[in-house]
Amino acid sequence: MNDNAIFGWRSEYPSMHKKLDHSFYQNTDVVEVARHLLGKYLVTDFGGQYCSGVITEVEAYRAPNDKACHAYNNRRTKRTEIMFWPGGVAYVYLCYGIHHLFNVVTGDADMAHAVLIRAVEAQEGLDIMEDRRGVSAQKPQLSAGPGVMSKAMGITTAWTGQSLVEADSPIWIEDRGQVVKEESIGESTRIGVDYAEECALWPWRFFLKESKWVSRFKPPKLKPKMH
DNA sequence: CACGGGATCGTCT
DNA sequence: GACGATCCCGTGT
């Protein structure tokens with residue numbers, strides 16, 4: 001089994017693996033959930049293609065007043081409807097016609113909150129992930145960035161609405177017992193939401209400072225105010 | 001290393 | 001018809 005570069009222990013103790021349940025996802029503070037997701041294990045098992053990775057980077061999105069959130073103003077469309085479901089399902093959408101971005105829906109029903117999973121450090125099923133990406137598992141390029149993370153884990157928009165807590169779900173998240181200290185969490189503004197005006201300045205991106213598996217930060221370019 | 005542009009298509013106006 | 005919660009590659013320094 002792989003050494004864990006961040007926490008310095010091995011992930012071969014199944015008794016410590018605890019699948020996150022409704023009570024975790026239905027926390028109504030999406031920023032807190034986002035921070036708590038750091039260090040957890042994202043696992044997918046599509047037709048026996050088992051792989052996992054430690055979550056190293058996330059962003060919180062929170063309707064109704066977050067202009068960067070697809071459900072801003074509680075706007076309901078066929079696509080965003082998933083975000084209004086009770087916490088514990090996947091919200092996956094296509095970005096730039098190419099990338100499948102994976103989010104975890106949180107909070108109660110009719111609360112359109114979600115956490116975008118932006119990066120993982122691969123732990124198990126490295127060969128599968130390398131095949132999907134055509135990139136060595138030694139390189140952050142494998143899974144640092146929301147589009148490539150989804151590709152490495154095999155997640156596509158076909159899975160939007162999928163429960164993360166049902167016993168037979170092929171996607172879930174586990175707590176494997178490690179503690180992430182507050183001082184090891186970095187924060188910044190969210191990436192790629194320059195259009196969101198003042199919300200583009202909210203520090204709702206969180207990452208593990210020690211990790212190499214974190215996407216490069218791009219500061220927001222704010223549009224000059226006309227007057 | 002910084003920057004710029006093209007790819008590519010579902011979603012919403 | 002416009003525009004992305006991105007990525008990759010090419011150019012120039």
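The surface near DNA strand C in this predicted model is made up of 13 nonpolar, seven polar and two charged residues. In total, 22 residues surround DNA strand C, and the closest of them are Tyr93, Tyr96, His99, Asn103 and Tyr195. Seen from the side of the nucleic acid, 53% of the atoms of DNA strand C within 4 Å of the protein belong to sugar or phosphate, and the rest belong to bases.

Several polar contacts help to place this strand for a reader meeting it here. His99, one of the closest residues, has a polar side-chain atom 2.7 Å from a base oxygen of DNA strand C. Phosphate oxygens are also approached: a polar side-chain atom of Arg133 lies 3.1 Å from one of DNA strand C, and a polar backbone atom of Gly145 is 3.4 Å from a phosphate oxygen of that strand. The elements giving two or more residues to the surface near DNA strand C are β4 (90–95), β5 (99–106), β6 (113–124) and α4 (146–153).

Attention now turns to the other strand. Around DNA strand B are Arg75, Thr77, Arg79, Leu94, Tyr96, Gly97 and Ile98, which divide into three nonpolar, two polar and two charged residues. Sugar or phosphate accounts for 75% of the atoms of DNA strand B within 4 Å of the protein, with bases making up the rest. In the side chain of Arg75, an N or O atom is 3.3 Å from a sugar or linking oxygen of DNA strand B. Tyr96 takes part through its backbone, where an N or O atom lies 2.4 Å from a base oxygen of DNA strand B. Tyr96 is also listed among the residues closest to DNA strand C.

Arg75 leads on to a neighbour in the protein, Thr80. Thr80 sits in the loop between β3 and β4, and it counts as buried because its relative accessibility is 1%, where buried means under 20%. A polar atom of the Thr80 side chain lies 2.8 Å from the backbone nitrogen of Thr77. Leaving aside residues up to four places away in sequence, Thr80 touches His70, Ala71, Arg75 and Tyr91. Both Arg75 and Thr77 are among the residues around DNA strand B.

The helix α4, already met near DNA strand C, is mostly covered, with six of its eight residues buried. These are Pro146, Gly147, Met149, Ser150, Ala152 and Met153. They pack against β2 (41–46), β3 (49–62), β5, β6 and α3 (126–133). After α4 comes Gly154, which has a positive phi, near 80°.

Finally, the protein has open space to explore. The largest pocket holds about 610 Å³ of space. It is lined by 27 residues, of which Tyr93, Cys95, Leu101, Ile191 and Gly192 are the closest to its centre. By class, 16 of the lining residues are nonpolar, seven are polar and four are charged. At least two lining residues come from each of β3, β4, β5, β6 and α4, and β4 gives the most, with four. Tyr93 ties this part of the picture to the beginning, being named both among the residues closest to the pocket centre and among those closest to DNA strand C.

Terms used. Residues numbered from 1 in each chain as written. Chains lettered and ligands numbered in written order. Predicted model: local features only at pLDDT ≥ 70, side-chain atom pairs only at ≥ 80, totals over all residues. Heavy atoms only, no water. Near = heavy atom within 4 Å. Polar contact = N/O pair within 3.5 Å; in protein donor to acceptor, adjacent residues only side chain to side chain. Nonpolar A, V, L, I, M, F, W, Y, C, P; charged D, E, K, R; others polar. Buried < 20%, exposed > 50% of the residue type's maximum accessible area, 1.4 Å probe, protein only. Contact = heavy atoms within 4.5 Å. 1 Å grid on protein atoms, 1.4 Å probe; cavity = no way out; pocket = protein on both sides within 12 Å on 5 of 7 lines; lining within 4 Å. Points joined across faces, edges and corners; volume = space filled by probe spheres on them.
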